[in-house]
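Let's take a walk through a protein together, one stop at a time. Have the sequence and the 3D view open, and look for each residue as we come to it.

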Amino acid sequence: MTNEELIEQAKIARKNAYAVISGFKVGAALLTKDGQVVRGSNIEDPSGIGITNICAERCALVKAVSEGYLEYEKIAVVGGPIGLKGEDKLIFCAPCGACRQYLNSWCPRIKVILQENDGIIKEYSIEDLLPYSFNEKF
């Protein structure tokens, strides 16, 4: 699967985001080693407690693990705010710090596919996004 196709899968996942607190919807598409795509979206707890919120990247990874997929090639992430008039805008959306560490722990060699503000799609390693991390090297 190309990076462009995986970005499109992340956009599909983003449609299911439940961003009742932030208004910032994120979608992720995780490509397993055997070619399956597992999608995830951010889900916010309407109570505002925050401890049950989950980011799209972790949602996709947890779904994949629960379905028996334990090896991964790459993950695409897209996100952006929903405007006051309901307009939908994608902006550059890199994984948060918690998701970077989570991905680093589960799949330290995964490639992260992101769409820049100009529409150009780029590929990063976890090491690019989380330098000097605590990982299997220690």
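**A walk along the chain**

Just after helix α2, Gly68 takes a positive phi of about 90°. Keep in mind as you look around that this is a predicted model.

Stay with helix α2 for a moment, which spans residues 56-66. Which of its residues are buried? They are Ala56, Glu57, Cys59, Ala60, Leu61 and Ala64. The cover over these buried residues of α2 includes β1, β2, β3 and α3. Try showing those elements together in your viewer.

Tyr132 also has a positive phi, of about 60°, although it is not a glycine. You can find Tyr132 in the segment after α4, a helix made of residues 126-129. Is Tyr132 buried or exposed? With a relative accessible area of 82%, Tyr132 is exposed. Ser133 also sits in the segment after α4, but Ser133 counts as buried, at 9% relative accessibility. Ser133 also shows how the fold brings parts of the chain together: Ser133 and Ser105 are 28 residues apart in sequence, and their C-alpha atoms are 9.6 Å apart in space.

Now turn to helix α1, where Ala13 lies. At 4% relative accessibility, Ala13 counts as buried. What does Ala13 touch, once residues up to four places away in sequence are set aside? The answer is Gly27, Ala28, Arg39, Gly40 and Ser41. Asn42 is 29 residues from Ala13 along the chain, and the C-alpha atoms of the two are separated by 9.2 Å.

Next come the charged side chains. Side chains of opposite charge can pair when their charged atoms come close. How many salt bridges does the structure hold? There are two salt bridges. One of them joins the side chains of Lys11 and Glu8, with 3.2 Å from N to O. Both Lys11 and Glu8 belong to helix α1 (residues 3-14), where they are three residues apart, about one turn of the helix. Why does that spacing suit a pair? An α-helix has 3.6 residues a turn, so residues three or four places apart point the same way. Both partners are partly exposed: Lys11 has 26% relative accessibility, and Glu8 has a relative accessible area of 42%.

A salt bridge also forms between the side chains of Glu73 and Lys33, at 3.6 Å from N to O. This pair links distant parts of the chain, with the two positions 40 residues apart. Glu73 lies in strand β3 (residues 72-81), while Lys33 lies in the loop between β1 (24-32) and β2 (37-41). Glu73 is partly exposed, with a relative accessible area of 34%, and Lys33 is partly exposed as well, at 49%.

Glu116 tells another story. Look for Glu116 in the loop between β4 (111-115) and β5 (121-125). Glu116 is buried, yet it has no salt bridge. Why is that? The nearest side chain of opposite charge, Lys122, is 4.2 Å away, and a salt bridge needs a nitrogen within 4 Å of a carboxyl oxygen, so this pair does not count. Lys122 is still in contact with Glu116, as are Phe92 and Tyr124, leaving aside neighbours within four places in sequence.

From charges we move to rings. A pair of aromatic rings is described by the distance of the centres and the angle of the planes. The structure holds one aromatic pair. Tyr102 and Trp106 form this pair, with 6.4 Å from centre to centre and 40° between the planes, which makes the pair tilted. The two residues are four places apart in helix α3 (residues 97-106), so about one helical turn separates Tyr102 from Trp106. Tyr102 is partly exposed, with a relative accessible area of 28%, and Trp106 is partly exposed too, at 40%.

Our last stop is on the surface. Which residues make a nonpolar surface patch of about 350 Å²? They are Tyr18, Val20, Ile21 and Ile43. Val20 has its place in the loop between α1 and β1, and at 43% relative accessibility Val20 counts as partly exposed.

Note on methods:
Residues numbered from 1 in each chain as written. Predicted model: local features only at pLDDT ≥ 70, side-chain atom pairs only at ≥ 80, totals over all residues. Heavy atoms only, no water. Phe/Tyr/Trp six-rings, centres within 6.5 Å; stacked < 30°, edge-to-face > 60°. Buried < 20%, exposed > 50% of the residue type's maximum accessible area, 1.4 Å probe, protein only. Lys, Arg positive; Asp, Glu negative; His and termini not counted. Contact = heavy atoms within 4.5 Å. Patch = residues over 30% accessible without salt bridge, like charges linked within 9 Å, V, L, I, M, F, W, Y side chains within 5 Å. Areas by Shrake-Rupley, 256 points an atom, 1.4 Å probe, with all protein chains shown as cover.
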